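Please open the structure in your viewer and keep the selection tool at hand, since this tour moves from one selection to the next and says what can be found at each stop.

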Amino acid sequence: ISQFHTQHRGNFRFLESCHSFIQWLFPNREKGLNYQAPVLTMDEIAIMSADDAILDRVRKSLQLMLEFYGMSLITLPAGGLAVCRNPATWDACIRNLACSSHNWLRISRILKFLTDIGLEDEKMAYLRRLRYEVTISNTLSHAGNSYSRFWAGTIADETARKEFLAFPTNDTELEAEKTFMNVTVQASAPQPADAEGDAESFSSSSSSIDLREQSNARSEIEETITMNEVESADLTAQSVVMKATSEDPHGQDETKQ
């Protein structure tokens with residue numbers, strides 16, 4: 001895992017196109033569509049949850065994926081964690097994430113694994129960012145079904161989950177959340193050296209990549225979550241891609257390549 005971090009952090013084209021790594025970084029207790037994917041056991045969860053070295057590697061894996069999505073996990077000056085936008089890569093990365101349903105499935109896997117091994121602070125910081133992007137900024141509005149049914153579904157307590165989904169309940173909460181979420185990556189936050197250029201290059205071909213992935217959505221080996229989510233994400237993403245290609249004069253030509 002540490003070698004993977006060293007070799008592939010910031011390599012966004014690899015992270016977008018390779019489908020054989022995600023189940024190793026974030027194993028899952030559910031048997032999925034990839035018969036080769038390891039199924040996490042309760043004994044393994046107990047061992048991993050008690051091992052600081054393993055938990056540190058999981059946090060690094062999370063940061064690697066967050067960077068791929070144009071985000072970063074930071075520690076706030078007053079304490080606590082937040083997932084913020086990375087201004088150096090945000091525009092290209094969020095465009096790719098907004099129309100690639102297989103990445104929504106990856107997010108479900110990540111959140112489930114963080115829940116299993118007890119990294120609740122990291123999970124809730126990530127969920128808070130996702131809630132903002134789906135329901136307030138609308139950059140991920142097309143992933144609303146995945147957000148409400150599967151991402152927020154990792155909050156085990158039903159009352160807490162309902163409160164989370166109902167937020168914000170008034171204009172004061174809304175404005176406070178906007179202010180909080182406008183925090184950006186601090187200058188001291190580690191940045192992969194080639195991330196900005198790589199983000200732009202992989203984003204330029206994201207339309208054709210995503211269309212190819214739509215036709216193979218049920219055979220991607222990182223999809224180890226329920227069939228219901230695969231179907232929901234596929235249908236939503238298909239409408240996004242159709243809309244994008246109809247509005248983008250380059251989209252039709254790119255999808256034929």
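Select R131 and ask whether this residue is buried or exposed. In this predicted model, R131 counts as buried because its relative accessibility is 7%, which is under the 20% cut-off for that label. Widen the view to helix α8, residues 120–136, and you will see that R131 lies within this helix. Now show the surroundings of R131: leaving aside residues up to four places away in sequence, R131 touches I136, Y147, F164, F167 and E177.

Next, turn to the largest nonpolar core, which has 49 residues, and select M65, Y126 and W151, the members that touch the most other members. Then select helix α5, residues 52–68, since the largest share of this core, eight residues, comes from that helix. As background, in soluble globular proteins nonpolar side chains tend to be buried together.

For the last stop, select N28, R29, E30, K112, T115, D116, R149, F150, G153 and T154, which line the second largest pocket, a space with a volume of about 170 Å³. Which helices each supply at least two residues of this lining? Colouring α7 (101–116) and α9 (144–151) will show them, and it is α7 that gives the largest share, three residues. If you then colour the lining of this pocket by class, you will find five charged residues, four polar ones and one nonpolar residue.

Definitions and conventions
Residues numbered from 1 in each chain as written. Predicted model: local features only at pLDDT ≥ 70, side-chain atom pairs only at ≥ 80, totals over all residues. Heavy atoms only, no water. Core = buried A, V, L, I, M, F, W, Y, C linked by side-chain atoms within 4.5 Å. Buried < 20%, exposed > 50% of the residue type's maximum accessible area, 1.4 Å probe, protein only. Helix = DSSP H or I, 4+ residues; strand = E, 2+ residues; numbered from the N terminus. 1 Å grid on protein atoms, 1.4 Å probe; cavity = no way out; pocket = protein on both sides within 12 Å on 5 of 7 lines; lining within 4 Å. Points joined across faces, edges and corners; volume = space filled by probe spheres on them. Nonpolar A, V, L, I, M, F, W, Y, C, P; charged D, E, K, R; others polar. Contact = heavy atoms within 4.5 Å.
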